[in-house]
Amino acid sequence: MKYVIVIPDGCADDPQVSLGGKTPLQAAKKPAMDSAAKLGQVGLSNNVPATLTPASDVATLSLFGYDPLEVYTGRAPLETVAMGIKLNPGDWAIRCNLVNIVDGVMKDFTADHITNDDGRDLIGTLQEKLGGEIKSPSGKVLGVLEFHPGVSYRNILVYRAKEPAPFGKDTKGQPPHDIPDKSVESFLPSGPGSDLLKDLMKKSEALFLEHKVNKKRIAEGHKPATQCWLWGMGVSPTLRKFADIHNVKGAIISAVDLVRGVGMLLGWNRIDVPTATGYLDTDYAAKGRYAIEAIKNHDLVCVHIEAPDEASHEGRVDAKIEALEQIDRHIVGPLMNVLPNYKDWRILVSPDHRTPVQTRAHSHGAVPYVIAGTGIVANGQTAYDEVSAASTSILHAKGHDLMKVFLK
Ligand SMILES: [Zn+2]
């Protein structure tokens, strides 16, 4: 059996007044996804337990069949896997966004989609001025801080523990993408060890104020990165390999380290598409081609596309519809054409979580999915969207149960 999973990140949404009461999925022209709906089973699945923050980390773990309440330790330790940063027992990884905050308000959690080069330069300054040993008043080394550059605004701080780290499960950070245009004061890190994190954030503000990278950015008409924002902290998780559970050899195609990291942690091969960007300008056709190539020598291929989520974060309904149509035309369509060449095949299309374009933030709640292919009985839907999914009686309250249905 060949299995394909397509994840249009954050595509699930609410009815829009501007679309005459339709959701972006309903409004998008997506013949391939709709043909899967006619062939297969459409339903709802809830990938984010109520006690966890809705985001791709928790939600993809669910989608891949793991109970996040059992295995999730935080976002950053998943990204470090894809970045090639090894965490030892006791070490903590912390997400280090480069952000634009003006007058205490979160204006841009991406610092204007800062370039890799600019980001690397700023993270280099943080490492030089704030990285290194942390000592107790008596001079004992408690830990070592390492700032690691990643892709664009997505960077990592590692706390190498020499003594037990000051953080714990009650150490909380706020995803900056969920507080657009909000005052940041009440969203600063809290709980054990948060004073250290707040201090680093404060110091980064001073270091970035007159930084040459920011002067250049402003001169070029770009927003500066005004400081780093620390969140998503956790220790390394332990997961059973996907192949050990299901005897299925997988591959992951994604442009974002978080989703790559989750896939790699499950033991899937990571396949990079050089022209994929993780943004609205990504090379959809190349992702489709790479998926078709990858399925030749894997049992399962997962293609993740970040673009619909990014469109929601920017509050752009049209861009979201455009992204969904591109995914349908260049990824789901070609896959639906090729898969029947294999004797047994199945496809699953599902977002990880909801990202309503009105709130521009992730939200809890069930998402629509469709499974089609060998042995899947159609359940009478003609379209793949939130409304058709809700009209069926199928709801996987625990999203990780869906993988059992897909692989059965
Ligand atoms: Zn998002």
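Strands β3 and β4 form a hairpin with two residues between them, and Asp103 in the turn has a positive phi of about 50°; strands, like helices, are DSSP runs numbered from the N terminus (E, at least two residues, for strands; H or I, at least four, for helices). The model is a predicted one, in which local features need pLDDT of at least 70 and side-chain atom pairs count only at pLDDT 80 or more, whereas totals for chains, interfaces and linings use all residues. Residues are numbered from 1 along each chain as its sequence is written.

Within the hairpin, three bridges join β3 to β4 (residues 105-108) in the antiparallel sense, with Asp108 of β4 as the bridge partner of Asn100; two strands are taken to pair if DSSP finds at least two bridges between them. Strand β3 also pairs antiparallel with β7 (residues 154-161) over six bridges, where Trp92 has Tyr159 as its partner, and six bridges join β3 to the antiparallel strand β8 (residues 227-234), in which Leu230 stands opposite Cys96. Ten of the eleven residues of β3 (residues 92-102) are buried, so this strand is largely enclosed by the rest of the structure; a residue is buried if 20 or more other C-beta atoms, placed from the backbone, lie within 10 Å of its own, exposed if 12 or fewer, and partly exposed in between.

In helix α8 (residues 212-219), the buried residues are Val213, Asn214 and Arg217. They lie on the same side of α8 because they cover an arc of only 95° around the axis, the arc being that of the directions from the helix axis to the C-beta atoms. Lys212, Lys215 and Ala219 are exposed on the other side of α8, while the cover over its buried residues includes α6 (116-130) and α7 (194-209). Gly221, which follows α8, has a positive phi near 90°.

Elsewhere, eight strands form an open sheet of mixed pairing, in the order β10-β9-β11-β1-β12-β13-β2-β14. Its edge strands, β10 (269-270) and β14 (395-396), each pair on one side only. Strands β12 (residues 345-349) and β13 (residues 367-373) run antiparallel and are joined by four bridges, with Arg346 opposite Gly373 in β13.

The domain assignment, which comes from an automatic or database source, gives domain 1 (2-72 + 238-407) and domain 2 (83-234). The contact between them takes seven residues from domain 1 and eight residues from domain 2, contact meaning that C-beta atoms placed from the backbone lie within 7 Å. The centres of the two domains, taken over C-alpha atoms, are separated by 30 Å.

Key
Contact = placed C-beta atoms within 7 Å.
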